[in-house]
Amino acid sequence: MRTGIATVCLSGTLKEKMQACAIAGFDGIEIFEQDLVTSSLSPEDVRKMAADLGLTLDLYQPFRDFDSVTEDLLAANLRRAEAKFRLMSRLGMDTILVCTNVATATIDDDDLRAAQLAALADLAGQHGVKVAYEALAWGKYVNDYEHAHRLVEKVDHPNLGTCLDSFHILSRDWDTAPIEDINADKIFFVQVADAPKLSMDVLSWSRHYRVFPGEGQLELAKFMGHVVRAGYTGPVSLEVFNDVFRQSDVERTAVDAMRSLIWLEEQSAKWLDTAANGGGAPGTVAGGPTAPARRRYPMELATLPQVAEPAGFNFAEVKAADTGVLEKVLGQLGFEFNGRHRTKDVQLWTMGHARVIINEQAPAAAEPAIAALGFDVDSPVIASARAQQLKAPVVPRKSQANEEVFQGFAAPDSTEIFLCQGNPDGTAAWTAEFGQGLEVPSGARTAVIDHVNLAQPWQHFDEAVLFYTSALALEPQPYAEVASPSGLVRSQVMQTSDRDVRLVLNLAPVIQQDGAGTGAAPRKTYQEHIAFAVDDLVATARAARDRGLAFLQIPENYYEDLDARFDLEPGFLDTLRDLNLLYDRDADGEFLHFYTATVGSVFFEMVERRGNYDGYGAPNAPVRHAVQYDHLHQLTK
């Protein structure tokens, strides 16, 4: 699949955008007109630079408001078009995007539109240019790709074809199956973009909230499957209008964009396999276990090394210059110190099968922060190969003889992700590096890591969703918004199908960079936490209190409200109040939890899930945010 991206997707100058696209590995680019108009590069400079970078110049866009106009306006539009065709000759480009008219259309007549498009196609042919006619979702008279294609067929000119844009089609819920009926020779260009499902006018939705494939909720794999089955062989190019992307680092955004196309290519191949199997899961056919050989299409779709979702958390790592407070809190929670690593400045603390590594190799004065997560996977090497093909930066880890070799890469928020070979009994072989016989399998899993909450920089939130979806096979759940004294906090759960891995991504509005311009990783200045599930939270809390743990102090108003909502047994309510426990209940079960005070940017949560409760105590989140906010501001007064 030939990959492309419109320069409008990225921040920076045209020169910076082209360099970033080449570094990310794109085959070609669309030049957005404003990027060229505002550039100090001449068209000849752009042409040479693209050739030097190995980029093709695939599309010049957009040419607006051409059709459905009066004769005098048509003449002006043709003069304007010819100027663009001469410019394209200087750029060495042969395809221009012409959008259906929005602003100047006054005559709703398909015969007139066809005649005007024919005149444009004749003029384009004289300059060796192809016109890709695109139906804008908000076009005045033409807003449907099938309508646009009927006009292309009516004109029947070799220099006039159609551009299929996934956003304009999927935002209007148009059926994508008829794409397969379009002659592939008449599909001149394909643009893709994802988007969250929002209730707003389509123009505003398009101009501000498009995202890269895999970061929204549109059925892009299905769209691309129909495009492939139509026989299209041209570029698949990203056209994303997004206020955040156009403020973010250009090279990083380009890599995120390339990752999204790699992911989309794989998902499209899976959709084609599933459709060929009669709608069953890939690798099966209706009525039988063996899938037929994949049908070959003119566009070949590459796939990635296939991996299963993680089986569970292997460990969580917290890093700090001074680890004394962390050690104290873990000990008060009931974790046992299992020694120091024989060659590294790290400690191992365990409770049941929950493992926490305290890393002492932090810069001076660095406050405690979550630094890494380990996941149990079937094949760490294959899973790592997949992540690297998805542009995940490799994290080197020094190992000596007879030490576990972890495959690692960095997540968008700089958290290091390590892929571990877990054991069926829940233990980990690497713990022997902290001493022999430290971890003994037991029948009772007295504690496990239940979930980890990671705060994401505002400019990389969508990138993180795609990263964990594509690289770790986690499934994004519908996001929620939680009230806090600082405003609404957007929360996105990523999890495995069996819920053994739950990763919660929270949108953090502020991130401070240490060593700006030096390539240093960002220093986390926002709160994150690790949650541990235990069998008996009340007993755990009492024991922790006896050891002197500083609980997050829950206000009395909360317990009065809790009593009103649930009519709890008075003795149980007193226990909750006495231990600063929070409570939630739904039709499937109950949820008890408590929080520690924050140390640096990290705190811990202990939870107990009763029955089939599957949430996170969301009604209690505003209470936690408010108490932490008060505590933080008291410290800074």
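Two strands are said to pair if DSSP finds at least two bridges between them, and helices (H or I, at least four residues) and strands (E, at least two) are themselves DSSP runs, numbered from the N terminus. With that in hand, 7 strands of this predicted model form an open sheet in the order S10-S11-S12-S9-S13-S15-S14, with mixed pairing, while a closed barrel of 8 strands runs S1-S2-S3-S4-S5-S6-S7-S8 with parallel pairing. Because the model is predicted, local features need pLDDT of at least 70 and side-chain atom pairs count only at pLDDT 80 or more, whereas totals for chains, interfaces and linings use all residues. Residues are numbered from 1 along each chain as its sequence is written, and side-chain values use heavy atoms, with hydrogens and water left out.

**The open sheet**

- The edge strands of the open sheet are S10 (336-340) and S14 (407-410), each of which pairs on one side only.
- Neighbouring strands of this sheet are turned by 25° against each other on average, direction ignored; such angles run from 0 to 180 degrees between N-to-C directions, and the axes are lines fitted to C-alpha atoms, for helices over the stretch in contact.
- Strands of a sheet pair through backbone hydrogen bonds, either parallel or antiparallel.
- The antiparallel sense is found between S9 (residues 312-319) and S13 (residues 369-376), which pair over 7 bridges, and Glu317 has Ala372 in S13 as its bridge partner.
- Helix H11 lies across S9, S11 (346-351) and S12 (354-359), and runs at about 15° to S11.

**The closed barrel**

- In the barrel, the twist averages 30° from one strand to the next.
- Strand S4 (residues 95-99) pairs with S5 in the parallel sense over 5 bridges, and Leu97 has Ala132 in S5 as its bridge partner.
- From S4 the chain crosses through helix H5 (residues 110-126) to S5 in a right-handed β-α-β crossover, where right-handed means that, with the strands pointing away from the viewer, the path from the first strand over the helix to the second runs clockwise.
- S5 also pairs in the parallel sense with S6 (residues 160-165), over 3 bridges, and here the bridge partner of Val131 is Leu160 in S6.
- The chain crosses from S5 to S6 through helix H6 (residues 145-155), and this β-α-β crossover is right-handed; H6 lies across S5 and S6, running at about 170° to S6.
- S6 and S7 (residues 187-192) pair in the parallel sense over 4 bridges, with Phe189 in S7 as the bridge partner of Cys163.
- In strand S5 (residues 130-134), 4 of the 5 residues are buried, so the strand is largely enclosed by the rest of the structure; buried means under 20% relative accessible area, exposed over 50%, and partly exposed in between (1.4 Å probe, protein chains only).

**Two helices with a buried face**

- In helix H14 (residues 537-546), the residues Leu537, Val538, Thr540, Ala541 and Ala544 are buried.
- Seen down the axis of H14, these buried residues fall within an arc of 160°, so they line one face of the helix; the arc is that of the directions from the helix axis to the C-beta atoms.
- The buried residues of H14 pack against several elements, among them helix H16 (570-579) and strand S21 (528-534), where contact means heavy atoms within 4.5 Å.
- At the N-terminal end of H14, Asp536 acts as a cap, with a side-chain oxygen 3.3 Å from the backbone nitrogen of Val538.
- In helix H12 (residues 380-389), Pro380, Ala383, Ser384, Arg386 and Ala387 are buried.
- Seen down the axis of H12, its buried residues fall within an arc of 155°, so they too line one face of their helix.
- Those buried residues of H12 pack against helix H10 (250-276), S14, S15 (416-420) and helix H13 (461-472).

**Two buried glutamines**

- Gln332, found in helix H11, is buried, with a relative accessible area of 9%.
- The side chain of Gln332 reaches the backbone oxygen of Gly548 at 3.2 Å, a polar contact, that is, a pair of N or O atoms within 3.5 Å, of which, within protein, one must be able to donate a hydrogen and the other to accept it, and residues adjacent in sequence count only if both atoms are side-chain atoms.
- Gly548 follows H14 and has a positive phi, near 95°.
- Gln628, placed in helix H17 (residues 621-636), counts as buried at 5% relative accessibility.
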